[in-house]
Amino acid sequence: MALLRIEDLRLRIGEAELLKGVSLEVEPGETLGLVGESGSGKSITALSILRLSPPGATMSGRILLGDQDLTAAGEAEMRAVRGGQVGVVFQEPMTALNPLMRIGDQVAESIALHRRVGRAEATAQAARALERVGLPASRFPLDRYPHELSGGQRQRVAIAMAMAVKPRLLIADEPTTALDVTTQAQILDLLRDLVREDGAGLILITHDLAVVAEMADRVAIMRQGEIVEQGPTGVLLRGLTHPYARKLAEDAVLASAAPPARVSDDAPVMEARGVVRAYPGRRTSPWRRAQPFRAVDGVSLTVRVGETVGLVGESGSGKSTLLRAVLGLEALQGGEVRLDGASFPPASPAEARRLRRKIQAVFQDPFGSFDPRWRVEDLVAEPFHLLERPPMGAARRAAVQAMLERVGLPPDASDRYPHQFSGGQRQRIAIARALITEPRLVVLDEAVSALDVTVRAQVLELLARLSQELGVSYLFVTHDLGVVRAICHRVAVMQGGRIVEEGTTDDVFLRPRHAYTQSLLSATPNLERALAARGA
Amino acid sequence: MSETTIPGPATRGGRASAALWLGAALTGLFVAAVLLSLVWTPYPVADLDMAGRLRAPSAAHWFGTDHFGRDVLSMILVGARNSLAVAVVAAGVGLLVGVPLGLLAAAKGGLTDELVMRSNDLIFAFPSLLLAIMITAVAGPGAINAVIAIGVFNIPVFARVARGAALSLWTRDYVLAARVAGKGKGLISLQHILPNIANLLIVQGAIQFSMGVLAEAALSYVGLGAQPPTPSWGRMLNEAQTLIGFAPWLAIFPGVAIVLSVLGLNLLGDGLRDLFDPKLDRSR
């Protein structure tokens, strides 16, 4: 008998129909990959299993866990199911844990909720659960607080909480999206091992087809509240029939082959020479002087005219700090940044404005990078502040609308507010804002990381086209190697505040020299490789 | 096939707007009383009528008369004027001084932040009413000094609210984008930070306003607010104290006026907060 069986699940909130007849099955010991873009209904489906869908939602259909009908279960019954029979791991390890509770207590609490055990016994079981997820008490005492752990370790605690009472089904909702690739690989391995040992079912929700190809026995692809295709992983991904599913797979691979390696002797747009950014460190003893922490430790990097340079590294490698240094937003403790041959930021404010218009930025979060109270016209026109005689009134409006058209938005977008746009459209607005002063270099900080694969492919295409049309250079900071492969001419790999490898994209990807680059590349989920390993 | 409505937390919209409407109505009543008193009162408040003193509420005197024969309803209407003026100006002082200080502390950080916030702590460390009594005792009683005394305590409240909210906004990417656009900290505070914390400040303003009404009543009660013959709710309560056994209306009506206006302003503040921030769901 199936472990979980969802029959014709429908869910609506007011007029909006979020799920339109979803039917799924999960066998014991099976991993089901649930794939789709944001808003496709995959998370809502998972929450509906636990009857945690948003207030005011009306649900119909049947959800059977073994022979228990969850749609008919009372609230008390559901509490036993949630966290007892069905464990959940969420995306954000930062917010899934209570910051004021020691990790041992958090795991023990989830045990005590579902098992009749005393405090001491719960703590003992918590220690075993944490050991199972690779956090042995000898190195990670139970009285650690979440902030003392890294993102990956926190996600391990969350997994320990979910798996401690041996649920029959584990739902993992984008469990590795917030993590670095090498950490992601470890967490995925851990999840696979745990559910295999316990014979539990796993629903792995993700937007990443490559992750699914590596992990799942079966795949279901969702779109707009419906399952458009489902079947065994290898067979399904090799022979996708639904046009949407095919598009999803193509975009995931970013098939638009790497741009031609260009060896350019053009003048550098931006040169960083031996840049050091250090933060005051903590004193370890009253007699010793505090050692400053060097987030960026003597980095040199050049971006030439018309060139796209990728800067890769994990969180904490110093790539974002370097980027802020390049933007002139951080005071340097050593080295210098030169923009178009001039030292940046210069001492005089007038000169600073003149130079600053040559470098603009696009940030990661398409939701956080706009003042919610400003209209798009004002947002896009904000960098006009750098001009000596900024266009006013009708001229300003025309300039903004021309730029909006250039990035593929209708001109009337200028009168609307950012919340009226989707994530991809907002990144287009951000690109318009970055280009309005006709800069020489645009710095992109994880600018496509928050986007769905299809939208990501479109935005990357747009960036490539604009680079050709306007001759603008990009410095592309990302942890996503697929993105780098698709659009960068050269790559620099950062680790621990230094650049450990640098070269043309092909060189770095095909013949990585540094051990760290090699581990990054092998940890990155790869659709082709995973399917080949399955013999599909 | 079963149809299930998910038992979620009760939708809060109706309850929130009920509080908002009740608060707005009570506050409206308060303001209406002030406006009415400017053009008309049932009897002139300065009129003493020793023959008609301590009358119980009747058709002629809805709220009765006091020990000098003055009409209590008229005194409450005129007293509202005093309460409103003191509370508005005191909240305004806090807003106009405190918010720029908070924005400055958040924008500059470091030593400036420490200086501003530690001096705020200093003011906070005093029991507010006690210090207000001290100020009025030194500077002499009167409405103006009451305003200053209450206003000074509003400064750190607004400074803290503004600084806390501003600090969280300073980490936003749109602030970074404004810096990349070459804008300085002052301009960013004015263009991006202030508009985005305005709703918090309005809510805090309503709450400080209600506390101002209460503080004014307390100061008048101990004789340090508006001086006779200007009627004031706090002093009416004080004067009713010895007569409460046989003329309870003298205490009840000003007491009810204070309670209703403070309640109304608090409900208004809460309602506004829910209105501005639908995500803040306290019923969960």
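Student: Which are the buried residues of helix 11 of chain A?

Tutor: They are Lys319(A), Thr321(A), Leu322(A), Leu323(A), Ala325(A) and Val326(A). Keep in mind that we're looking at a predicted model.

Student: What makes helix 11 of chain A largely enclosed?

Tutor: Just look at the count: the helix covers residues 319–326, and 6 of its 8 residues are buried, so the rest of the structure largely encloses it. Right after this helix comes Gly328(A), with a positive phi of about 75 degrees.

Student: Okay, now salt bridges. How do you know that Asp340(A) forms one with Lys358(A)?

Tutor: The cut-off is a side-chain nitrogen of Lys or Arg within 4 Å of a carboxyl oxygen of Asp or Glu. Here the closest N and O atoms are 3.1 Å apart, so the pair passes that test. The two residues sit 18 residues apart, Asp340(A) in the loop between strand 14 and strand 15 of chain A, and Lys358(A) in the loop between helix 12 and strand 16 of chain A.

Student: Why is Lys358(A) called buried?

Tutor: Buried means under 20% relative accessible area. Lys358(A) has 19%, so it counts as buried. Asp340(A), with 30%, falls between the 20% and 50% limits, so that one is partly exposed.

Student: What about Arg354(A) and Glu351(A): where do they lie?

Tutor: Both are in helix 12 of chain A, 3 residues apart, which is about one turn of the helix. Their side chains meet in a salt bridge at 3.0 Å, N to O. Arg354(A) has a relative accessible area of 40% and Glu351(A) has 28%, so each one is partly exposed by the 20% and 50% limits.

Student: Why does the salt bridge between Asp480(A) and Arg456(A) count as one?

Tutor: Their closest N and O atoms are 2.9 Å apart, and the limit is 4 Å, so it counts. Asp480(A) is in the loop between strand 18 and helix 17 of chain A while Arg456(A) is in helix 16 of chain A, so the pair ties together parts 24 residues apart in sequence. Arg456(A) is buried, at 10%.

Student: What makes strand 4 of chain A mostly covered?

Tutor: Of its 9 residues, 7 are buried. Strand 4 also runs antiparallel to strand 1 of chain A, joined by 8 bridges.

Student: How do you know that strand 4 and strand 5 of chain A pair?

Tutor: Pairing needs at least two bridges, and these strands have 2, in the antiparallel sense, so they qualify. They form a hairpin with 2 residues between them, and Gly66(A) in the turn has a positive phi of about 65 degrees.

Key. Residues numbered from 1 in each chain as written. Chains lettered and ligands numbered in written order. Predicted model: local features only at pLDDT ≥ 70, side-chain atom pairs only at ≥ 80, totals over all residues. Heavy atoms only, no water. Buried < 20%, exposed > 50% of the residue type's maximum accessible area, 1.4 Å probe, protein only. Helix = DSSP H or I, 4+ residues; strand = E, 2+ residues; numbered from the N terminus.
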